[in-house]
Amino acid sequence: MTLSIFDAASEEPHRTAIVADDTVLTYRELAERVERRLGELLVAGVLDNAGERPVAVVMTPTLETVETLLALFAAGTPALLLHTRGTQNERALVVE
């Protein structure tokens, strides 16, 4: 058993995966959004080939944050979770 959003979309494509505000997404729809986000991260050069460099993510309670985390998991890239109330300087210190 894996925790892949893509496996879940394959096994239960029409099942509700997430409800965020007024948005209800099936596993297939969420997987499509995660795949798109993964492509954006690749194009932006955020992901390294070895999956060793963590990517900092400010943990806002949004669908975009969930998509980003699932994309990082799919890529095998560690996420460095940053608190929303941290200042820019505090976040920079954590990232260093």
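**A β-α-β unit and its surroundings**

In the predicted model, strand E3, helix H3 and strand E4 form a β-α-β unit of right-handed sense. The two strands of this unit, E3 and E4 (residues 79-82), pair in the parallel sense over 4 bridges, and within this pairing Val57 stands opposite Leu81 in E4.

Helix H3 also holds Thr65, a residue that is classed as buried because its relative accessible area is 7%, below the 20% limit for that class. When neighbours within four places in sequence are left aside, the contacts of Thr65 are with Val57, Val58, Met59 and Thr60. Val57 thus appears in two settings, as the residue opposite Leu81 in E4 and as one of the contacts of Thr65.

Beyond strand E4, the chain passes through a loop between E4 and H4, in which Thr84 is found. Thr84 is partly exposed, with a relative accessible area of 35%. Its C-alpha lies 9.5 Å from that of Val57, although the two residues are 27 residues apart in sequence. Apart from neighbours within four places in sequence, Thr84 is in contact with Val58, Met59, Thr60 and Arg91; Val58, Met59 and Thr60 are also listed among the contacts of Thr65.

Helix H4, which spans residues 88-95, contains Val94. With a relative accessible area of 47%, Val94 is partly exposed, since the exposed class begins only over 50%. Val94 touches Leu80 and Leu82, residues up to four places away in sequence not being counted. For the pair Val94 and Leu80, a separation of 14 residues in sequence corresponds to a C-alpha to C-alpha distance of 8.7 Å.

The largest nonpolar core comprises 18 residues, of which Ile5, Leu30, Val34, Leu47, Leu63 and Leu72 touch the most other members. Two or more residues are given to this core by each of helix H1 (5-11), strand E1 (16-20), helix H2 (27-43), strand E3 (55-58) and helix H3 (63-75). Such an arrangement can be set beside a general tendency, namely that in soluble globular proteins nonpolar side chains tend to be buried together. For Val34, the contacts outside a window of four places in sequence are Ile5, Phe6, Glu67, Leu70 and Ala71, and one of these, Ile5, is itself listed with Val34 among the core members that touch the most others.

Two further positions concern strand E2 and the loop that precedes it. Asp21, found in the loop between E1 and E2, has a phi near 55°, a positive value in a residue other than glycine. Asp21 counts as exposed because its relative accessibility is 77%, a value over the 50% limit. Thr26, by contrast, has its place in strand E2 (residues 23-26) and is buried, with a relative accessible area of 19%, which is under the limit of 20%. A polar atom of the side chain of Thr26 lies 3.2 Å from the backbone oxygen of Pro13. Pro13 also appears among the residues that Thr26 touches, together with His14, Arg15, Thr16 and Ala17, when residues up to four places away in sequence are not counted.

Notes: Residues are numbered from 1 along each chain as its sequence is written. This is a predicted model: local features need pLDDT of at least 70, side-chain atom pairs count only at pLDDT 80 or more; totals for chains, interfaces and linings use all residues. Side-chain values use heavy atoms; hydrogens and water are left out. Buried means under 20% relative accessible area, exposed over 50%, partly exposed in between (1.4 Å probe, protein chains only). A polar contact is a pair of N or O atoms within 3.5 Å; within protein, one must be able to donate a hydrogen and the other to accept it, and residues adjacent in sequence count only if both atoms are side-chain atoms. Contact means heavy atoms within 4.5 Å. A nonpolar core is a set of buried Ala, Val, Leu, Ile, Met, Phe, Trp, Tyr and Cys residues joined through side-chain atoms within 4.5 Å. Two strands pair if DSSP finds at least two bridges between them. A crossover is right-handed if, with the strands pointing away from the viewer, the path from the first strand over the helix to the second runs clockwise.
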